[in-house]
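Reader: Please take me through this structure. I want to know what each term rests on.

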Amino acid sequence: MTQLSNLHDDMIHDCALDYYGKRLATCSSDKTIKIFEVDRDNHRLLETLRGHDGPVWQVSWAHPKFGTILASASYDGKVIIWQERSGSWSKLFEHANHHASVNSVQWAPHEAGAVLACASSDAKVSVLEFKDDGTWDTKLFPAHVIGCNAVSWAPATQPASLVQTTSSSASASTVTPATQQQHLTQRRFVTGGSDNLVKIWSYSPEVGTYVEESVLEGHQDWVRDVAWAPSILPKSYIASASQDKSVIIWTQQDGGVWNKKVLQMDTVLWRVSWSLSGNVLAVSGGDNKVSLWKETLKGEWEKVSSVEE
């Protein structure tokens, strides 16, 4: 395990590797974002980004097909989208439509385009989309009653869609690669709020915005983080972490009802994150430990490892 020290002048809240695992972005209460080049045990500071007026809570890299782009969310209520060109970083766009801290940002799967979801303490979610004419389209809507703490996108492809065949009743002439891709691609995300709820949202072409699809109840305190597993299996997995000292694993099979499995812990929980394959869940909490969990063949969840810092 590689340890980086003395990166910021105050507490570090988030870090994220880019798509290739070659660059690391960190953000801090010192109001800055730092970009590092990493190579195994070595790291080199490339840039310090300044533009926020408060602690920076989270950073998120866009897919490299859109360029070298990073989004940051801050207590100052702003989301800044940064871009690197020819080794120089600058602001690409500044989103300041929220009236309270922006707690979480995440880019959608690249199949959906350059689309960024933002969750704020003003109880609203905004979705920013880069358009072909070079402008940013903004959709802002209420999501929770007393604050939205986290957002996470679903995989772009619907569960099991890669292994399903096109209906034999459909004419071959009507099923083009474009229409098939449109059918497979979905725009859904999950949010966690200070109202103790987990909510699922999906894009509705009919109304031109995102609509509430499901409300998942089970936590007894603020939901601090949510994570949608990047799986293409027939079952969808969502993990939610709460101050009630529990993680809930929500599962949905073939578009049916959402079922839950509660993992009770000994401390308040802050973050959850899935492995790239979507079969291992990392959980971190107030005890400064990170535990790894995996589902057994019987559908139970067991801890397979723990790291203490």
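Author: We begin with a definition. Helices (H or I, at least four residues) and strands (E, at least two) are DSSP runs, numbered from the N terminus. This is a predicted model, where local features need pLDDT of at least 70 and side-chain atom pairs count only at pLDDT 80 or more, while totals for chains, interfaces and linings use all residues. Residues are numbered from 1 along each chain as its sequence is written, and side-chain values use heavy atoms, without hydrogens and water.

Reader: How many helices and strands does the secondary structure of the protein chain come to?

Author: The chain has one helix and 24 strands.

Reader: Where is Asn-196 found?

Author: Asn-196 sits in the loop between β14 (188–193) and β15 (198–204). Its phi is positive, about 70°, although Asn-196 is not a glycine.

Reader: Why is Asn-196 called partly exposed?

Author: There are three classes: buried is under 20% relative accessible area, exposed is over 50%, and partly exposed is in between (1.4 Å probe, protein chains only). Asn-196 has 22% relative accessibility, so it counts as partly exposed.

Reader: And why is Asp-254 called exposed?

Author: Asp-254 has a relative accessible area of 60%, so it is exposed. Asp-254 lies in the loop between β19 and β20 (258–264). Like the asparagine, it is not a glycine, yet its phi is positive, near 50°.

Reader: What makes Val-145 count as exposed?

Author: Val-145 reaches 67% relative accessibility, so the label is exposed. Val-145 belongs to the loop between β12 (136–142) and β13 (148–153).

Reader: Which residues is Val-145 in contact with, leaving aside its neighbours within four places in sequence?

Author: Contact means heavy atoms within 4.5 Å. With those neighbours set aside, Val-145 is in contact with Ala-123 and Asp-195. Val-145 and Ala-123 are 22 residues apart along the chain, and their C-alpha atoms are separated by 5.9 Å.

Reader: Why is Ser-214 called buried?

Author: Ser-214 has a relative accessible area of 17%, so it is buried. Ser-214 is part of strand β16 (residues 209–216). Beyond its neighbours within four places in sequence, Ser-214 is in contact with Val-198, Lys-199, Ile-200 and Trp-258.

Reader: What makes Tyr-237 count as buried?

Author: Tyr-237 has 11% relative accessibility, so buried is the right word. Tyr-237 is in strand β18. Not counting residues up to four places away in sequence, Tyr-237 touches several residues, including Trp-228, Trp-250, Trp-274 and Trp-301. The C-alpha atoms of Tyr-237 and Trp-274 are separated by 9.7 Å, with their places 37 residues apart along the chain.

Reader: Why is Trp-228 called buried?

Author: Trp-228 has a relative accessible area of 5%, so Trp-228 is buried. Trp-228 is found in strand β17 (residues 223–228).

Reader: What share of the 309 residues of the protein chain counts as buried?

Author: The share is 47%.

Reader: What makes a nonpolar core?

Author: A nonpolar core is a set of buried Ala, Val, Leu, Ile, Met, Phe, Trp, Tyr and Cys residues joined through side-chain atoms within 4.5 Å. The largest one here has 16 residues. Val-247, Ile-249, Val-272, Trp-274, Leu-281 and Val-283 touch the most other members. At least two residues of this core come from each of β18, β19 (246–253), β21 (269–274) and β22 (280–285). A second, separate core has 15 residues, among them Ala-117, Ala-119, Val-151 and Tyr-210.

Reader: How many cavities of 30 Å³ or more does a search of the whole structure find?

Author: A cavity is a set of points, on a 1 Å grid over the protein atoms alone, where a 1.4 Å probe fits but cannot get out; lining residues have an atom within 4 Å of a point. Grid points are joined across faces, edges and corners, and a volume is the space filled by probe spheres set on the points. The search finds one cavity of that size. The largest cavity holds about 50 Å³ of space. Its lining has 11 residues, and Pro-155, Trp-228, Ala-229, Ser-231 and Ser-236 are the closest to its centre.

Methods:
On a 1 Å grid over the protein atoms alone, a cavity is a set of points where a 1.4 Å probe fits but cannot get out, and a pocket is an open set with protein on both sides within 12 Å along at least five of seven lines; lining residues have an atom within 4 Å of a point.
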